[in-house]
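Colleague: Could you take me through one part of this model in some detail, the strands and the core they share? I'd like a single connected account, not a list.

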Amino acid sequence: MRLTVEQQVGLFFLAALVVLAVMIELVEDWRPFETQLDYRTHFRSAVGIKAGDPVRLAGVEVGKIRKIALEGSQVRVDFYVVAGTDLRQDSIASIRQMNLLGGQFLGLDFGSPASPPLPPGTEVASREGASIDQLITNLERNQEKVFGNLSRLLEESKVSFLDAVARLQSVARKVDEGEGTLGRLVNDPALYQEVQAAVGDLKAVVGRLERGEGSLGKLLTDQALYDRVVAASTDLQEISGRLKAGQGSLGKLLTDDTFYTNATDALAGIRELSTKASRGEGSLGRLVNDPALYDDARSTLARINSIAAKIDEGQGTLGRLVNDQDLYRDAKTTLHKVEKAADGLSDSGTISALGTVIGTLF
């Protein structure tokens, strides 16, 4: 059967699509004008990467993974980078995540500038990273530990928890029924009215304070009082400055070294006198330390007490003068007669005066 022109064109177009798909699949990495430098590295685990995954240096794609295979107890990863990629002998290869949704690549770092370049065909040092599988395993292990401990904790505290719940229920019931102080606070309307009245009184007090009523209100609102306080503070600052400057008597006491020297000398003199007195030197020392003087003083006081006792008992002349009422009256009468005689002397001559005195007395 002969094909029509349309059928031939359709078959040719279909075959061209198939060939194009095969070429894209087989020669994806075929770059005839690009120089590729081969390297290798080893990992204990290479979960998530496969041949054809990108190789990136500082996030920039510079090559691809050629092959992944087991080599002893490690995983060998062969890859290439394009010419001009700056790899150093201390560069590190690691398996990294593209994003949180998945996708991994072989990541390289620059290394230190002082390190020599890494020749092609050699091995790049590797650093193991945490893979998704390890993270999930660790998460499951930690989850089991956490929930296991939580379950044991809940089981151990079950009785205490139920007891606490029962007590809370009892407390809530008592509060709801108005028992206890808290129950009265919640249920007693009289207490609410008292609180409301107290709040009203407090508002009234605050209003009076704002209006400047009362002593406290004047303290809060009186500008003159504020000015007086500021003036007093200024005066105190001035006085403090004058004291620091050594002005006035008090300032001199605080700042003048002469007063300190005089006080020190006076204390030294008092200390010297005290020392001499304790050693028995001088009159004060003898008074303090001589027992004979003490005995004499004691004997004198005893005699004085004896004399005072005799006078009080009316013994002797002085005792009679103090205690005898007749002697007091005679002395008073004699004094009156002497006064009359003195008055008569002023009016008569010497002889008559003498006679008057004698006559008066006798």
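Modeller: Start at Gly63, which sits opposite Val81 of β4. This is a predicted model, so read everything that follows in that light. The pairing behind that spot is between β3 and β4, an antiparallel couple joined by eight bridges. Those two strands also form a hairpin with two residues between them, and there Gly72 adopts a positive phi near 70°. On another pairing of β4, eight bridges tie it to β1, again running antiparallel. A handy place to look there is Gln36, which faces Val82 of β4.

Now for the core. The largest nonpolar core has 19 residues, and the members touching the most others are Val55, Phe79, Val81, Leu106 and Leu108. Two or more residues each come from β1 (36–43), β2 (54–57), β3 (60–71), β4 (74–82), β5 (92–99) and β6 (102–108). The largest share is the four residues supplied by β4.

Take Val55 and look at what surrounds it. Beyond its neighbours within four places in sequence, Val55 contacts Val60, Glu61, Val62, Gly63, Lys64 and Ile65, and also Phe79, Tyr80, Val81, Leu106 and Leu108. So Gly63, where we began, is among the contacts of Val55.

Pro54 is worth a click too. It belongs to strand β2, and with a relative accessibility of 11% it counts as buried, because the cut-off is under 20%. Skipping residues within four places in sequence, Pro54 has contacts with Glu61, Gly63, Lys64, Met98, Gln104, Phe105 and Leu106. If you pick the C-alpha atoms of Pro54 and Phe79, you get a separation of 9.1 Å, for residues 25 apart along the chain.

Phe79 brings us to the rings. The structure has one aromatic pair. It is made by Tyr39 and Phe79, with ring centres 6.1 Å apart and planes at 25°, so the pair counts as stacked. The two partners are 40 residues apart and link distant parts of the chain, with Tyr39 in strand β1 and Phe79 in strand β4. Tyr39 and Phe79 are both buried. Another ring to check is that of Phe105: Arg56 lies over its face, 5.2 Å from the ring centre.

Phe105 also turns up around Ser94, a residue of strand β5. Not counting residues up to four places away in sequence, Ser94 touches Phe43, Phe105, Leu106, Gly107 and Arg127. Its relative accessibility is 6%, so Ser94 counts as buried. Its side chain has a partner as well: a polar contact of 3.0 Å joins the side chains of Ser94 and Arg96.

Zooming out, the protein holds 14 helices along with seven strands. Of its 362 residues, 14% are buried. As for how the chain folds back on itself, take the contacts between residues at least 6 apart in sequence: 51% of them join residues at least 24 apart.

Key:
Residues numbered from 1 in each chain as written. Predicted model: local features only at pLDDT ≥ 70, side-chain atom pairs only at ≥ 80, totals over all residues. Heavy atoms only, no water. Core = buried A, V, L, I, M, F, W, Y, C linked by side-chain atoms within 4.5 Å. Buried < 20%, exposed > 50% of the residue type's maximum accessible area, 1.4 Å probe, protein only. Contact = heavy atoms within 4.5 Å. Pairing = 2+ DSSP bridges. Polar contact = N/O pair within 3.5 Å; in protein donor to acceptor, adjacent residues only side chain to side chain. Phe/Tyr/Trp six-rings, centres within 6.5 Å; stacked < 30°, edge-to-face > 60°. Lys NZ or Arg CZ within 6 Å of the ring centre and 35° of its normal.
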